[in-house]
Amino acid sequence: MRGNNVLGLIFSDIHEERIRELTDKRTMGSVPFGGRYRLIDFPLSNMVNSGINKVGVITKSNYQSLMDHLGSGKAWDLSRKREGLSILPPFTSECTVFNSRIESLASINTFLANSREEFVLLSDSDVVCNIDFTDVVSFHMKHDADITIIYRTGKLPEKICDPTVYTIDKEDRVKDMLINPHTEGVCHYGLSMLLMKRELLMKMIADCVSRNLYNFKRDFLQRNIGTYKICAYEFKGYTQSICSMNAYFEANMALMQSAVRAELFNPDRPIFTKVRDDMPARYGLGSSVSNSLIADGCVIEGSVENCVLFRGVHVGKNTKLENCVVMQDTEIGANCHLNYVIIDKDAVIKNDRSLFGFHSYPVFISKGSVV
């Protein structure tokens, strides 16, 4: 089955309330990650690498930075006369902002109806992973499934958003589904990605709306386990759900591990992002950098250890950064000491400042702040 017979849909605003510090002025999909990426780069690149050449990005509010990042879709080879990238409007036919996943899908019914692809792949933008969706499509076809959900096997992560646990039989069919359960030990938990036929999606959404049912997990999936053949595809690679500031911090820190980087940034399935032409990072005399990710355009005159520095960050003389995530174009003065700090874009940390957080509770400095 060719990837171009699949329509990709990405929810850019799901679970924004979980990291309100970062999504107050932007949508979840445009949250910076890993030195040069945005969260939406991962599902979007996964789809493009799987041959999907038509992708719709559903958004609701605060999407100016998302539009600026995505542009025409050129960075993902989605700038085309036909198909390509579409940013879908946030209003329903009644001109009210939608409040649920089902409402958002109902609002793009015309987009779905005018599409020609047989299948639709739905994905959130808050799960960081590198997955080959062609394997999911092959699995779906082999099992003649109505819906295929993607899951992982293991201990349920403590910080995962609205966890969904599945009971799966030997034929890979979902027999039961628990939402927000109290589960200990190994289980099968969902990754907020699923594949199904486009016409079936439209039919089920219309049925939910006509019955005033708007909870996607309970009314769309759980209610229909006995009605449709719902199968489950196991993804065994690295994943990280970004659903709290601590989870965001830990996901960035995990990039220091070579095994995590090798899996996320597989050269056979690259993660694409908006290109910003900048000079290489510059390191001053007496500077020191260890176990850190330093993006292009940075100027390092102090000491940096276990940090992720985005493009254009300046670290002053005699300044020491430890366990920090510092976003684009932030200026950090001289003689500062920062440990366990997340700094949003365009912030200014003046000379002689000390900021200390903790591993489980990093200090956050908002966008454009002056400290």
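Two strands pair if DSSP finds at least two bridges between them; strands are DSSP runs of E with at least two residues, helices are runs of H or I with at least four, and both are numbered from the N terminus. The model is predicted, so local features need pLDDT of at least 70 and side-chain atom pairs count only at pLDDT 80 or more, while totals for chains, interfaces and linings use all residues. Residues are numbered from 1 along each chain as its sequence is written, and side-chain values use heavy atoms, leaving out hydrogens and water.

**Exercise 1.** Find how strand S17 and strand S20 pair, and place them in their sheet.

*Solution.* Start with S17 (residues 299–300) and S20 (residues 314–315): two bridges join them in the parallel sense. Ile 300, for instance, has Val 315 in S20 as its bridge partner. Now widen the view: the open sheet has five strands, ordered S14-S17-S20-S23-S26, with parallel pairing. S14 (282–283) and S26 (348–349) are at the edges with a single partner strand each, so one side of each has no neighbour in the sheet.

**Exercise 2.** Work out the surroundings of Asn 62.

*Solution.* First locate Asn 62: the loop between strand S4 (54–58) and helix H3 (64–70) holds it. Next, its relative accessibility is 33%, so Asn 62 is partly exposed (buried is under 20% relative accessible area, exposed over 50%, partly exposed in between, with a 1.4 Å probe and protein chains only). Finally, neighbours within four places in sequence aside, Asn 62 is in contact (heavy atoms within 4.5 Å) with Thr 23, Asp 24, Lys 25, Arg 26 and Thr 27.
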